[in-house]
Every structure is written in C-alpha cells, then in structure tokens.
Amino acid sequence: MNGTRTWFARHDLDFRAFLRDGCDADILLATGDAMAQRVVEHARNQSSQREHD
C-alpha cells in the first residue's frame, strides 16, 4: 500500500472512495499509468478464473 494514496492523489482520484466503493477499470485505465493497467489486467484475470471454477 506504500505510495497508493500518493498515486491516487496524483491522478486526482479519491483513495477513500476507492476503498469503500471500488472503481471502474476504465477510470484506472484512463490514467495511462502502466501500474494501473497491470492491476486491471490482474483483476480481470482473477475474475475470469473465478467464472471458470
């Protein structure tokens, strides 16, 4: 979690709202940040795996 609050602030996103409500992948992808792209890809892979189990 180190740096996560800073990352959200840098991209003008509300970290507390993210923790409380989550966030659409498109919002994270719109930042153009490589880390955000990897996080979204990971989450989508996890979701896909759960659907197949």
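**View 1. Surface of the protein chain in the predicted model.** The protein chain exposes about 4400 Å². Carbon and sulfur atoms supply 47% of that exposed area. Of the 53 residues in the chain, 15% are buried. The C-alpha trace spans about 35 × 25 × 20 Å along its principal axes.

**View 2. Charges of the protein chain.** The chain carries 7 positive and 9 negative charges. How far apart are the mean positions of the positive and negative charges? The two mean positions are 8 Å apart.

**View 3. Helices of the protein chain.** The chain has 4 helices and 0 strands. Read along the sequence, the pattern is α-α-α-α. Among these helices are α1, which covers residues 4-10, and α2, which covers residues 15-21. Helix α4 covers residues 34-52.

**View 4. The aromatic pair of phenylalanine 8 and phenylalanine 15.** The count of aromatic pairs in the model comes to 3. In one of them, phenylalanine 8 and phenylalanine 15 meet edge-to-face. Their ring centres are 5.3 Å apart, and the angle between the planes is 65 degrees. Are these two rings buried or exposed? Phenylalanine 8 has a relative accessible area of 5%, so this residue counts as buried. Phenylalanine 15 has a relative accessible area of 7%, so this residue is buried too. The cut-off behind both statements is that buried means under 20% relative accessible area.

**View 5. The aromatic pair of phenylalanine 8 and phenylalanine 18.** The ring centres of phenylalanine 8 and phenylalanine 18 lie 4.9 Å apart. This pair is tilted because the planes stand at 40 degrees, and planes from 30 to 60 degrees apart are classed that way. The pair links distant parts of the chain: phenylalanine 8 belongs to helix α1 and phenylalanine 18 to helix α2, 10 residues apart. Phenylalanine 18 has 29% relative accessibility, so this residue counts as partly exposed. Phenylalanine 8, by contrast, is buried.

**View 6. The aromatic cluster.** Which residues form the aromatic cluster? Trp7, Phe8, Phe15 and Phe18 make up one cluster. Phe8 takes part in the edge-to-face pair with Phe15 and in the tilted pair with Phe18.

**View 7. Helix α4 and its N-terminal end.** Helix α4 has 19 residues. From its first C-alpha to its last, the helix reaches 27 Å, close to the 27 Å expected at 1.5 Å a residue. Which residue caps the N-terminal end of α4? Aspartate 33 does, with a side-chain oxygen 2.8 Å from the backbone nitrogen of methionine 35.

Definitions and conventions: Residues numbered from 1 in each chain as written. Predicted model: local features only at pLDDT ≥ 70, side-chain atom pairs only at ≥ 80, totals over all residues. Heavy atoms only, no water. Helix = DSSP H or I, 4+ residues; strand = E, 2+ residues; numbered from the N terminus. Buried < 20%, exposed > 50% of the residue type's maximum accessible area, 1.4 Å probe, protein only. Areas by Shrake-Rupley, 256 points an atom, 1.4 Å probe, with all protein chains shown as cover. Lys, Arg positive; Asp, Glu negative; His and termini not counted. Charge placed at Lys NZ, Arg CZ, Asp CG, Glu CD. Phe/Tyr/Trp six-rings, centres within 6.5 Å; stacked < 30°, edge-to-face > 60°. Expected span 1.5 Å × (residues − 1). Polar contact = N/O pair within 3.5 Å; in protein donor to acceptor, adjacent residues only side chain to side chain.
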